[in-house]
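Colleague: I've got the model open and I'd like to go through it with you. Could we start with the charged pairs and then move to the ligand?

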Amino acid sequence: MTYVRRETFLPFTRPVIGPEEIEEMIDSINSGWITTGPKSAKFEEELALYNGVKHCLAMNSATTAQEIMLQVLGLQSGDEVITTAMTWVSTLSTVVLQGGVPVLADIDPKTLNIDPTRIEEMITPRTRGIIPVHLTGLPAPMEAIWQIAAKHGLWVIEDAAQAMGAHYTGKKIGSDPRSIMSVYSFHPNKNMTTGEGGAIALHEDRFVDRIKRLRFHGIEKDAWKRFAKDGSPHTEVMEPGRKANFMDLQASLGLHQIKRLDGFNARRGELFHRYLELLRDIDGLMLPWAGDPIHGHCFHLFVLRIRPEILGMDRDTFVQALKDENIGTGIHYRPAHIHAFYRDYYANHPHALPEDGLPHSEWSGERLMSIPLWPGLTEEDQDQVVATIKQVIAKR
Ligand SMILES: *Cc1c(COP(=O)(O)O)cnc(C)c1O
């Protein structure tokens with residue numbers, strides 16, 4: 001393909017929202033009921049059904065869902081949770097906000113997910129749980145993680161924010177009862193969206209009432225029902241709670257997005273494999289692993305790593321050169337421990353990092369970038385991304 005510069009900027013992702021979603025939102029607006037109500041309850045049922053879990057509890061974001069999960073599990077000040085630096089910072093920040101200590105284990109450079117062989121050395125008497133992240137939509141090695149957790153009496157929470165629709169040994173990601181809870185995100189960049197939004201998936205009944213009240217002012221029972229004709233006008237506050245409820249406007253998007261999710265993910269998979277073909281012969285690029293066929297990647301991101309020594313430029317220069325040619329990229333992620341707050345934090349909590357540091361997280365973190373991938377991306381767009389990458393490399 002001869003190179004022709006794109007006229008308009010191509011973002012690295014964008015949500016795909018159709019007329020059904022829009023009509024459903026208009027229906028909510030016209031009904032006079034736009035916040036938490038029957039559509040939110042229906043959406044939670046659909047989510048639980050889709051994921052094969054007993055309960056899915058929706059709220060304003062996956063980040064709030066993470067905070068509430070840790071509170072419900074009784075994380076105490078000084079308790080340690082083992083996770084990965086290669087994640088969105090909320091995985092760590094929610095632990096810190098709850099008074100806990102996020103202890104980091106390095107990644108497997110092949111997958112960018114936590115390396116289970118590096119977990120046990122980080123366990124101390126204060127360790128309470130493990131939070132694996134299914135980065136890019138590629139399932140983390142759960143079998144090994146569950147074994148370690150069982151051996152040491154730890155809980156597992158799956159950060160499945162990027163992984164709605166992925167599978168692990170035949171089950172939907174986040175649905176195995178060996179994980180006490182899992183969290184999904186419906187941020188616009190994720191594989192399905194409700195604008196903003198997130199959900200907790202769990203099998204056990206005993207946490208449900210507490211989670212429901214913590215997401216809405218600490219009020220007992222579904223408070224929105226008090227506005228209905230047969231509802232009680234009284235509320236009872238049982239403890240201080242958040243204002244983190246999910247809106248029917250969000251559910252209007254979600255009820256249709258969830259029906260389209262498998263189709264979205266299948267298209268993402270086609271585009272992902274097409275990138276692998278088109279970029280295969282370019283020296284200086286390391287392409288992502290497409291995943292173990294017995295598990296199901298949901299192709300949230302196409303994260304490639306560049307080899308600066310071959311390309312003669314660093315990642316940030318490469319990203320800027322693509323941007324100058326109207327190709328957007330993302331960085332998922334700079335490892336969490338190198339952000340300003342966490343540099344100080346880990347200097348003060350040296351035992352929360354491995355003795356040899358996180359060399360694989362840092363190595364990949366300097367080289368990685370996400371190129372455009374979403375279900376509405378056309379093959380023409382994709383050809384242009386590839387041609388631009390080749391052009392930037394040829395012009396260096
Ligand atoms: C997006 C994301 C989150 C946070 O989700 P929000 O709904 O935006 O709060 C948490 N963890 C990971 C890995 C994510 O990608």
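Modeller: Sure, and keep in mind that this is a predicted model. Counting a side-chain nitrogen of Lys or Arg within 4 Å of a carboxyl oxygen of Asp or Glu, the salt bridges come to 29.

Colleague: Take the salt bridge between glutamate 44 and arginine 215: how many residues apart are the two?

Modeller: Their side chains meet at 2.8 Å, N to O. Glutamate 44 sits in helix α2 (residues 38-51), while arginine 215 is in the loop between α6 (208-214) and α7 (248-279). So the pair links distant parts of the chain, and the separation is 171 residues.

Colleague: Is glutamate 44 buried or exposed, and what about arginine 215?

Modeller: Buried means under 20% relative accessible area. Glutamate 44 has 14% and arginine 215 has 10%. Both values fall under that cut-off, so each residue counts as buried.

Colleague: Which helices hold glutamate 379 and arginine 267?

Modeller: These two side chains form a salt bridge at 3.6 Å, N to O. The pair ties together parts that are 112 residues apart in sequence, because glutamate 379 and arginine 267 lie in separate helices. Those are α12 (residues 379-394) for glutamate 379 and α7 for arginine 267.

Colleague: And what class of exposure do glutamate 379 and arginine 267 get?

Modeller: The class between buried and exposed runs from 20% to 50% relative accessible area. Glutamate 379 comes out at 37% and arginine 267 at 23%. That puts both of them in between, so the label is partly exposed.

Colleague: What about arginine 315 and aspartate 316: which one counts as buried?

Modeller: The side chains of this pair meet in a salt bridge of 2.8 Å, N to O. Aspartate 316 has a relative accessible area of 48%, so it is partly exposed. With 8%, the residue that counts as buried is arginine 315.

Colleague: Which residues do salt bridges with shared partners join into one network?

Modeller: The pair of glutamate 379 and arginine 267 from before is part of it. Its members are Arg267, Glu270, Arg274, Glu379 and Asp383.

Colleague: On to the ligand. What distance separates the side chain of serine 185 from a ligand oxygen?

Modeller: Some context first: 16 residues surround the ligand, with Thr63, Asp159, Gln162, Ser185 and Lys190 the closest. A polar side-chain atom of glutamine 162 is 2.9 Å from an oxygen atom of the ligand, and a backbone N or O atom of alanine 62 is also 2.9 Å from a ligand oxygen. For a polar side-chain atom of serine 185, the distance is 2.7 Å.

Colleague: How much of the ligand's accessible area does the protein cover?

Modeller: On its own the ligand has 380 Å² of accessible area. The protein covers 93%.

Colleague: Which elements give two or more residues to that shell?

Modeller: By class, the shell has 5 nonpolar, 9 polar and 2 charged residues. The elements giving two or more are α3 (62-72) and α4 (90-97).

Colleague: Last one: which backbone oxygen lies 2.8 Å from the side chain of asparagine 113?

Modeller: Asparagine 113 is in the loop between β3 (101-105) and β4 (127-130). Its relative accessibility is 1%, so it counts as buried. The partner of its polar side-chain atom is the backbone oxygen of leucine 138.

Conventions:
Residues are numbered from 1 along each chain as its sequence is written. This is a predicted model: local features need pLDDT of at least 70, side-chain atom pairs count only at pLDDT 80 or more; totals for chains, interfaces and linings use all residues. Side-chain values use heavy atoms; hydrogens and water are left out. A residue is near a molecule or strand if one of its heavy atoms lies within 4 Å of it. A polar contact is a pair of N or O atoms within 3.5 Å; within protein, one must be able to donate a hydrogen and the other to accept it, and residues adjacent in sequence count only if both atoms are side-chain atoms. Accessible areas come from the Shrake-Rupley method with a 1.4 Å probe; for residues, only the protein chains shown count as cover. Helices (H or I, at least four residues) and strands (E, at least two) are DSSP runs, numbered from the N terminus. Ala, Val, Leu, Ile, Met, Phe, Trp, Tyr, Cys and Pro count as nonpolar, Asp, Glu, Lys and Arg as charged, and the others, Gly among them, as polar. Buried means under 20% relative accessible area, exposed over 50%, partly exposed in between (1.4 Å probe, protein chains only).
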